[in-house]
Amino acid sequence: MKNDKSLKILVIATLVVTVAGLSVAYATLSQTLNISGTVTAKGASWDIKFTSGSCTKTGSASVDSQPTVTATSISGLTASLTKPGDSVNCSYVVTNNGTLPAKLSSITGDGWIVGGSGGDQTMVTNNTTRNDLSGIANNDIINPAGTKTISFSIIYKNDATTVQATNIPITYTKTLNFVQS
């Protein structure tokens with residue numbers, strides 16, 4: 001029995017020494033890592049707009065009223081084409097005054113629409129070259145402080161052999177949709 005008691009004491013002592021040894025070993029093999037820092041969300045600005053531009057004429061065409069240019073629209077052009085060779089050419093600057101790049105996501109609108117009906121409408125359609133928006137295309141990016149010059153024009157063809165008898169309105173409509181790039 002004395003042997004059993006000695007064996008129990010030996011086993012208990014061995015367990016105590018083992019647990020103490022593992023605790024010391026764990027303590028010597030552990031390490032604490034810390035992470036700290038600050039993130040600042042800085043202010044940004046979105047400011048894409050028309051900044052300048054005008055329409056010019058050639059031949060005996062007239063630009064009776066230059067369009068009004070605001071930050072977000074160009075409107076009020078009144079012009080006339082009188083004879084073959086006349087043209088009206090419009091050019092405008094789109095500027096990114098913001099701090100974020102602006103991407104042209106889409107261009108919508110009908111472009112040039114010839115009014116009237118019948119033979120005079122067909123004559124104007126056949127006798128004019130209507131140049132759609134140029135200088136910018138879908139997915140073009142205007143970086144901060146950058147610009148793009150856009151233009152459109154209408155030309156009374158030099159080789160037109162007939163003219164219409166009545167005044168025919170021709171309108172132009174486009175919308176440029178920009179998103180953050």
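**Exercise 1. Find how far apart the centres of the positive and negative side chains lie in this predicted model.**

Solution. Start by counting the charges: the protein chain carries 12 positive and 9 negative side chains. Then take the centre of each set; the two centres lie 22 Å apart.

**Exercise 2. Compare the radius of gyration of the protein chain with that of a compact globule of 181 residues.**

Solution. Begin with the reference: a compact globule of 181 residues would come out near 16 Å. The protein chain itself has 39 Å. Next, look at the box filled by its C-alpha atoms, which is roughly 135 × 30 × 20 Å along the principal axes. Finish with the surface: about 11,800 Å² is exposed, and carbon and sulfur atoms supply 55% of that area. Buried residues, for their part, make up 21% of the 181.

**Exercise 3. Work out the order of helices and strands in the protein chain.**

Solution. First take the inventory, which is two helices and eleven strands. Now walk from the N terminus: the order reads α-β-β-β-β-β-β-β-α-β-β-β-β. To see how the chain links up in sequence terms, consider contacts between residues at least 6 apart: 74% of these join residues at least 24 apart.

**Exercise 4. Identify the residues that touch the most other members of the largest nonpolar core, and the strands that supply it.**

Solution. The largest nonpolar core holds 19 residues, and those touching the most other members are Tyr-92, Val-94, Ile-136, Ile-150, Leu-176 and Phe-178. Now trace the strands: S1 (48-58), S6 (87-96), S7 (102-114), S10 (147-156) and S11 (170-180) each bring at least two residues to this core. S6 gives the most, with four. As background, nonpolar side chains in soluble globular proteins tend to be buried together.

Zoom in on Val-94. Leaving out residues up to four places away in sequence, Val-94 touches Ile-48, Lys-49, Phe-50, Ile-142, Gly-146, Thr-147, Lys-148, Ile-150 and Phe-178.

**Exercise 5. Decide whether Lys-49 counts as buried, partly exposed or exposed, and describe its surroundings.**

Solution. Locate the residue first: Lys-49 sits in strand S1. Its relative accessibility is 24%, and buried would require under 20% while exposed would require over 50%, so Lys-49 counts as partly exposed. Next, list its contacts, again skipping residues up to four places away in sequence: Lys-49 touches Ala-71, Val-93, Val-94, Thr-95 and Asn-97. One last distance to check is the one to Val-69: the two residues are 20 apart in sequence, and their C-alpha atoms are 9.8 Å apart in space.

Terms used
Residues are numbered from 1 along each chain as its sequence is written. This is a predicted model: local features need pLDDT of at least 70, side-chain atom pairs count only at pLDDT 80 or more; totals for chains, interfaces and linings use all residues. Side-chain values use heavy atoms; hydrogens and water are left out. The radius of gyration is taken over C-alpha atoms; the globule rule is 2.2 Å times the number of residues to the power 0.38. Buried means under 20% relative accessible area, exposed over 50%, partly exposed in between (1.4 Å probe, protein chains only). Contact means heavy atoms within 4.5 Å. Accessible areas come from the Shrake-Rupley method with a 1.4 Å probe; for residues, only the protein chains shown count as cover. Lys and Arg count as positive and Asp and Glu as negative; His and the chain ends are not counted. The place of a charge is taken as NZ of Lys, CZ of Arg, CG of Asp or CD of Glu. A nonpolar core is a set of buried Ala, Val, Leu, Ile, Met, Phe, Trp, Tyr and Cys residues joined through side-chain atoms within 4.5 Å.
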